[in-house]
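The following exercises practise reading a protein model step by step. Please attempt each task before consulting its solution.

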Amino acid sequence: MLDADAVRNAVPMPAAVEAVREAFVDLAAGRFVVPQRLSFAAATTLVMTACHTPTSTTVVKTLNLSPGRTPMILGTLVWNTAAGQVVADAVEVTTLRTGAVSGVATDLLAPASASRLALLGTGAQAADQVRAVAAVRPVRSLALFGRDVSRASALASRLRAEFPEVVVRVASSVADTVSDAEIVCCATSSSTPLFAVDDLPERVHVNAIGSYLPSMRELPAELLATAGCVVVDQVDAVLAEAGEVIHAVDAGLLDRGALVELGSALQAPPVTGGRTVFKSVGLAVQDWAVGRLLGEAVGMRG
């Protein structure tokens, strides 16, 4: 069993970004079987699986979420090969691979020189969003905002220590956080949009990874309706689980056909400009990608 520290030591963020990028290319090429995520007991228990058909390797991840418990999320990841299994802490894998997919999307959609990052949310996913963007872009400034000022200040302190070259500040409001950003990362459990579209600069890339239920919405429908490009991890998954996408489609503001899957976009990069969006609900291929790296770290290859 690889605990959280072992996972982190085995898989640096740049390696996770590259592994997740490769996995999405394979997904677009039809090299994965990915059943829809199973959700039980009001989404307090989640089960995600994937099979990489060229190697016959599989991943199974279970998560249990219990608000008020410490830690709130518990889980196990099992990466299976003909040679045996790797068992790892699923919570650490999840934050790592969720950060990594934002890194992949940012590298695809954000200007190469983008250096101003805004972070909305101070929970378990927040730090890896910063790490992933910093792995692909020359981040020089970070503005972050959270509803709990003490938590936001504590996160800012940790990130200053980890990224001494980055100027980190705690913003006074969401609008203040995003007003001059070139990249925005949303990592919250909000049920209402975090900002108005007019709060954003005219040219900005936005990653949204927090919402995973139809009742949750981080992004305003107007942003999805007017963005130059809306990339998603998987169309069927976001239409089943991403509240902001479901709302915008149901309201007639966004056409399903306008959604571009990440794997396809990596193979045929879209022309970008203005505002771009990446929306992810999380796919098991990301867990598989990190599981593969863990397998390589312990000498087990698929």
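**Exercise 1.** Determine how the length of helix 3 in this predicted model relates to the span expected at 1.5 Å a residue.

*Solution.* Step 1: helix 3 covers residues 90-109, which gives 20 residues. Step 2: the expected span is 1.5 Å times one less than the number of residues, and for helix 3 this comes to 28 Å. Step 3: from its first C-alpha to its last, helix 3 reaches 28 Å, close to that expectation.

**Exercise 2.** Describe the surroundings of helix 3 and its N-terminal end.

*Solution.* Step 1: a residue is buried when its relative accessible area is under 20%. Step 2: 18 of the 20 residues of helix 3 are buried, and the helix is thus mostly covered. Step 3: Asp-89 caps the N-terminal end, with a side-chain oxygen 3.2 Å from the backbone nitrogen of Val-91.

**Exercise 3.** Establish whether the chain is as compact as a globular protein of its length.

*Solution.* Step 1: the chain contains eleven helices and 14 strands. Step 2: its radius of gyration is 18 Å, close to the 19 Å from the globule rule for 302 residues, so the chain is as compact as a globular protein of that length. Step 3: buried residues account for 54% of the 302 residues.

**Exercise 4.** State how many disulfides the structure has, and examine Cys-229.

*Solution.* Step 1: a disulfide requires two cysteine sulfur atoms within 2.5 Å. Step 2: the search of the whole structure finds zero disulfides. Step 3: for Cys-229, the nearest cysteine sulfur belongs to Cys-185 and is 16 Å away. Step 4: Cys-229 is buried, with a relative accessible area of 6%.

Technical notes:
Residues numbered from 1 in each chain as written. Predicted model: local features only at pLDDT ≥ 70, side-chain atom pairs only at ≥ 80, totals over all residues. Heavy atoms only, no water. Helix = DSSP H or I, 4+ residues; strand = E, 2+ residues; numbered from the N terminus. Buried < 20%, exposed > 50% of the residue type's maximum accessible area, 1.4 Å probe, protein only. Polar contact = N/O pair within 3.5 Å; in protein donor to acceptor, adjacent residues only side chain to side chain. Rg over C-alpha atoms; globule rule 2.2 N^0.38 Å.
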